[in-house]
Amino acid sequence: MLKIGSHVGMSGKDMLLGSAKEAYSYGANVFMAYTGAPQNTRRKDVSELKIDEAWDYMKEHDIEEIVIHAPYIINLANTVKPETYDIAEQFLATELERSAAMRSKVMVLHPGSHVGAGVEAGTAQIIHGINQVLTRDSQVCIALETMAGKGSEIGRSFEELARIYDGVIHNEKLRVCFDTCHVNDAGYDLVNDLSGVLTAFDKVLGTDQIAVFHINDSKNPCGAGKDRHENFGFGNIGFEPLYELIRMKEFEEIPKILETPYVKDPENGKKSYAPYRHEIGMIRKGIFDPSLMERILSENQK
């Protein structure tokens with residue numbers, strides 16, 4: 001069975017229950033969320049997140065699992081500012097605890113940016129940080145995300161992620177989040193050599209290490225190193241390679257999460273609309289709909 005969903009919000013009185021309701025409104029059977037605002041460390045106590053209510057709702061509506069995304073402010077690769085690294089390490093430990101409380105098995109983490117110190121120094125710092133927070137008893141796996149290669153990001157190649165694996169003591173608690181936009185922008189040709197890309201990944205890390213897919217098209221050509229997501233089938237990767245990937249039998253049980261951009265209202269720059277219900281519907285049908293953006297706008301402008 002296809003496990004497909006999107007990134008959803010978590011706020012207001014309903015918190016995780018609201019996330020589950022939003023996911024269901026899109027026709028999703030999995031979803032991804034933050035444990036709180038991604039731009040700061042302020043967090044509500046887990047007792048306020050309506051976790052039990054959310055899981056009761058999920059069971060009633062066939063939503064099977066959730067993925068947590070670590071906030072972008074966590075940068076374990078920073079050796080330039082010790083205070084930035086210290087916050088990252090401490091906050092990562094807290095986020096893992098919150099993820100476990102929310103009954104997620106996987107937390108997606110951007111490996112980090114070395115901010116000029118170099119890949120070797122940044123990688124060593126990432127390894128140190130993960131070793132500080134992961135133990136053999138950790139209930140949640142950290143899924144290192146494949147990165148696009150912009151700026152000083154670490155994780156732009158499969159080999160860079162493998163070096164983190166090599167240094168982490170309890171790397172049985174590591175996994176990978178395979179982001180299709182990022183992989184494309186990093187220079188892996190999903191369009192013309194999908195099989196070759198997956199073979200290369202399998203040799204370096206093992207496809208069994210993929211715990212989550214971020215299914216995003218890209219506004220950029222292969223190798224651009226820019227990381228700009230596009231709606232499913234409307235970018236430089238296109239519908240067919242993405243659809244082929246998510247329908248592969250070996251990945252049937254792996255959650256596929258859409259992080260595609262909201263559709264902007266051309267008549268009102270302050271408004272934009274979630275595309276996920278329409279994209280999930282198109283994916284389930286398996287037929288590309290070139291009029292999808294127009295239909296989203298038409299439906300929401302009524």
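Biologist: Angles under 35 degrees count as roughly parallel, over 145 as roughly antiparallel, 65 to 115 as roughly perpendicular and the rest as oblique. Which of those words fits helix 3 and helix 4?

Modeller: Helix 3 and helix 4 are oblique to each other. This is a predicted model, where local features need pLDDT of at least 70, side-chain atom pairs need 80 or more, and totals for chains, interfaces and linings use all residues. Residues are numbered from 1 along each chain as its sequence is written, and side-chain values use heavy atoms, without hydrogens and water.

Biologist: What's the angle between helix 3 and helix 4, and how far apart are their axes?

Modeller: Helix 3 (residues 82–101) packs on helix 4 (residues 119–133) at about 40 degrees, and their axes are 10 Å apart. Helices are DSSP runs (H or I, at least four residues), and strands are too (E, at least two), numbered from the N terminus. Axes are lines fitted to C-alpha atoms over the stretch in contact, with angles from 0 to 180 degrees between N-to-C directions.

Biologist: Which residues meet there?

Modeller: Helix 3 brings Tyr85, Glu89, Leu92, Ala93 and Leu96. Across from them, helix 4 has Gln125, His128, Gly129, Gln132 and Val133. Contact means heavy atoms within 4.5 Å.

Biologist: New topic. Where is Met15, and what's its phi?

Modeller: Met15 is in the loop between strand 1 (4–7) and helix 1 (16–25). Its phi is positive, near 50 degrees, and Met15 isn't a glycine.

Biologist: Is Met15 buried or exposed?

Modeller: Buried, at 5% relative accessible area. The cut-offs are under 20% for buried, over 50% for exposed and partly exposed in between (1.4 Å probe, protein chains only).

Biologist: And what about Lys50?

Modeller: Lys50 also isn't a glycine, and has a positive phi of about 55 degrees. Lys50 is in the loop between strand 2 (30–33) and helix 2 (51–60), and is partly exposed at 30% relative accessible area.
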